[in-house]
Amino acid sequence: MGSSSRPRIPILVFGLLLCFIILVPCCSSDNPNKTDNGDENNQNKNNVKEIVDEGQFIEVKSAPEDVVWVVQLSDLHFSVHNPERAQDFKSIVGPTLSMINPSLVLITGDLTDGKSKDLLTTKQDKEEWIEYQNIMEDVVRRSGLNKSILHDLRGNHDNFGVSSFGGPSDFFSKYSLNGQLGRNGPVDSIIIQTGERKLLFVGIDTTSSSGLRGPTNFFGHPTDELLSQLSSALRKWDSQSAKPITKISFGHFPLSFSAASSSGKTLEDVFLLHSLSAYICGHLHTKFGKNLKRRHESIHPLYPHKMIQFNANTIPFDNRKDCSDGLTSVEEFWEWEMGDWRKSRAMRILAIDRGHISFIDIDYKLGAKNTIILPTFPLDSRFMAASYHKHNCDSMDLSLYETIRVLVFSASPIVSVVARIYDSRPGYLLEVVETSLRKLESTSSRGDLYFAPWNFKAFEDPSPERYLLQIEAVDNLGRSTLSELRPFSINGLHAKLSWSWKEFILMGCHWAALYLPIFWSFYFLVLSTILVPKILLFFSRRHYSYKHYIANRGFLNCLAWIFTELYNIPILWGCLVAYLFYLILCPWLFGQVFTDGKERGYMTYKGWVLKPNKNGNLEFLGFPDIMVVVLPHLFFVVLPAIVVIGGLAAERGRYRDYLLSLSGKKKDENQSEIRGYAPSSDGRHNRSHFLSSERWTRNVLLVVSLAICWVHFKDAGTTKH
């Protein structure tokens, strides 16, 4: 070995190489979101900036031009009792983000579960938060993304039992991504700058500053201060930029479960005022439906948008026939709830192509995906905004319509992408177009955009659901991936998006505004049902009994008989009336409100009370969150209990009449024996028949009573924990 000769590098050459390595920045990567991990070099240090009082600034320079995509995750619910949630997240999300290479990652709340194994106790678990921190560090490492482009925010589960932000049980401030990066405010602004426009993302943390324990911690609580900050963030760039701005907000709570501020303002008011394009959120989970989406608008002649909306998109009001119809301009935005990682393993990719938004929700329950397809044009007619509307309007750029455009994310090289258009008018899917798409070539690219020219005018039609688009991508291993069939409308008409009854209840009803009307309507209806018949029967000359009901069958006679029997037990009737007044005048229960500290309070239908404020007035916490306890108690305990009590009173009266009839028969039998006649066996037979079969009503009512008691104590046990 000692005799072998080796080429020698002159010292001068070696020095020049060393200077080159030191002085030339390692930023030759065309990917602005990759870190030093792997073969990619970090470009984010130059393209991602944290600007004081303005938020984060991300500059996107590489192709595809004027196309940006972001990833949303929500409701992770990492739990020490369900470790598979974090394990799946670790194994799937990191590699998937590496494949997608988004410009931004948004995690919209409920990062940890904060519940005991029996689901009765709700409090923050430090072990869950340490696991979340470790998992996110691993995701950042495996994805190759710059950690600063990941943003998370609180959900109600992350706030269970937290008496104040920064307190001993506020683990979000210490272990979350935003907490570690010093993003501690309730409003989180991000600007993504492309060559053609600005994309403004504004995150909002509307969790209550005093985090009650579950289940009375279910609503978002935007304050007037937060709404003012949000308004400032949304309008900040309106006068400072000559380029168009697309505005998107993200948060945890849907607007149907967001309360108004103390001045009566709502998030919806602010969003409509500042021309928001979309609000994306979580909280409700996929088990309640996949169409948890709603289009909000400033005016609608059919119903007040503040209280209730019957359709996901308020067609046909916006389906106008031309651009000069003279109708008032409508401010509008979409709200898209995305589902959950907890059970559905859901992830969303949101793309903004030349200012227009498309998205796809992906189900990872069966594992990672090799290929993901997201068409960005033509837009899905179910979810497009009214601003995309009327290709023949002078304000519209016809170049938007000239090509079919598709983003394809794949772990393997793609060899072919084909677009197919189907006509549904014949009653089946008739293929009318099949065209190959070619990849947009560029020396530097963040992702793969495929496009193909088409004759868009051939697809003008008054039906927004007639034509459907589907994309097929094939990789070099021969694996084929199909996108879902998406309706589109060149005329800018909205396709129908129907809700199931569960989706309507969750998204169509503004529960913060509906709670008190429902409560008082129920209360006065039940109270009047108990009091009014007593007044009427008091002045009535008729005597309503079971015999009268049998002789004159009818619904009103049945009710009159039941109420008569109830009023014949004054103590029972008085207790019912007293209990109804107790519900509005007295505490429902007492318990510990927060995890840290020993504050104990009491609950009323208005919320939790700890102690009077400085002015000596009662301050109620958890309004309208308290409705998740109050309304089920009224409808599933109070109302059934009143019905059962009335039924038992009626059955008691019926049995009393039966005993009286037996005593009359017994007197007749005794007189017959004196006269020498044998007593009949029919009396004994009728008695045994009544006791064995006729009193089944009482047994059923007693079983129902036990069920009501079980529901009552179960709810009370859940609330006090």
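Colleague: What volume does the largest pocket have in this model?

Modeller: In this predicted model, the largest pocket has a volume of about 1,500 Å³.

Colleague: What makes a residue part of the lining of the largest pocket, and how many residues line it?

Modeller: A lining residue has an atom within 4 Å of a point of the pocket, and 44 residues line the largest pocket, with K115, P215, F218, F288 and V628 lying nearest its centre. By class, the lining is made up of 20 nonpolar, 14 polar and 10 charged residues.

Colleague: Which helices each supply at least two residues of that lining, and which gives the most?

Modeller: At least two lining residues come from each of α9 (501-508), α10 (511-539), α14 (627-674) and α16 (696-720), and α14 gives the most, with seven residues.

Colleague: Why is strand β19 called largely enclosed by the rest of the structure?

Modeller: Buried means under 20% relative accessible area, and nine of the nine residues of β19 (residues 467-475) are buried, so the strand is largely enclosed by the rest of the structure. Y467, L469, I471, A473 and D475 point one way, while L468, Q470, E472 and V474 point the other way, and all are buried. This follows the general pattern, in which the side chains of a regular strand alternate between the two faces of the sheet.

Colleague: How do you know that β19 pairs with β16, β21 and β20?

Modeller: Two strands pair if there are at least two bridges between them. Strand β16 (residues 414-423) and β19 have nine bridges in the antiparallel sense, and R420 stands opposite Q470 in β19. With β21 (residues 486-488), β19 has three antiparallel bridges, R486 being the bridge partner of L469. With β20 (residues 480-482), β19 likewise pairs in the antiparallel sense over three bridges, and S480 is the bridge partner of V474. In the hairpin of β19 and β20, which has four residues between the strands, G478 takes a positive phi near 85 degrees.

Colleague: What makes β5 and β13 edge strands of the open sheet of five strands?

Modeller: That sheet has the order β5-β4-β3-β12-β13, with mixed pairing, and β5 (150-153) and β13 (356-363) are its edge strands, as each pairs on one side only. Neighbouring strands of this sheet are turned by 20 degrees against each other on average, direction ignored. Strand β4 (residues 104-108) and β5 pair in the parallel sense over four bridges, with L106 opposite H151 in β5.

Colleague: Where does helix α3 lie with respect to this sheet?

Modeller: Helix α3 (residues 84-100) lies across β3 (67-73), β4 and β12 (346-353), and runs at about 175 degrees to β3.

Notes
Residues numbered from 1 in each chain as written. Predicted model: local features only at pLDDT ≥ 70, side-chain atom pairs only at ≥ 80, totals over all residues. Heavy atoms only, no water. 1 Å grid on protein atoms, 1.4 Å probe; cavity = no way out; pocket = protein on both sides within 12 Å on 5 of 7 lines; lining within 4 Å. Points joined across faces, edges and corners; volume = space filled by probe spheres on them. Nonpolar A, V, L, I, M, F, W, Y, C, P; charged D, E, K, R; others polar. Axes fitted to C-alpha atoms, helices over the stretch in contact; angles between N-to-C directions. Contact = heavy atoms within 4.5 Å. Buried < 20%, exposed > 50% of the residue type's maximum accessible area, 1.4 Å probe, protein only.
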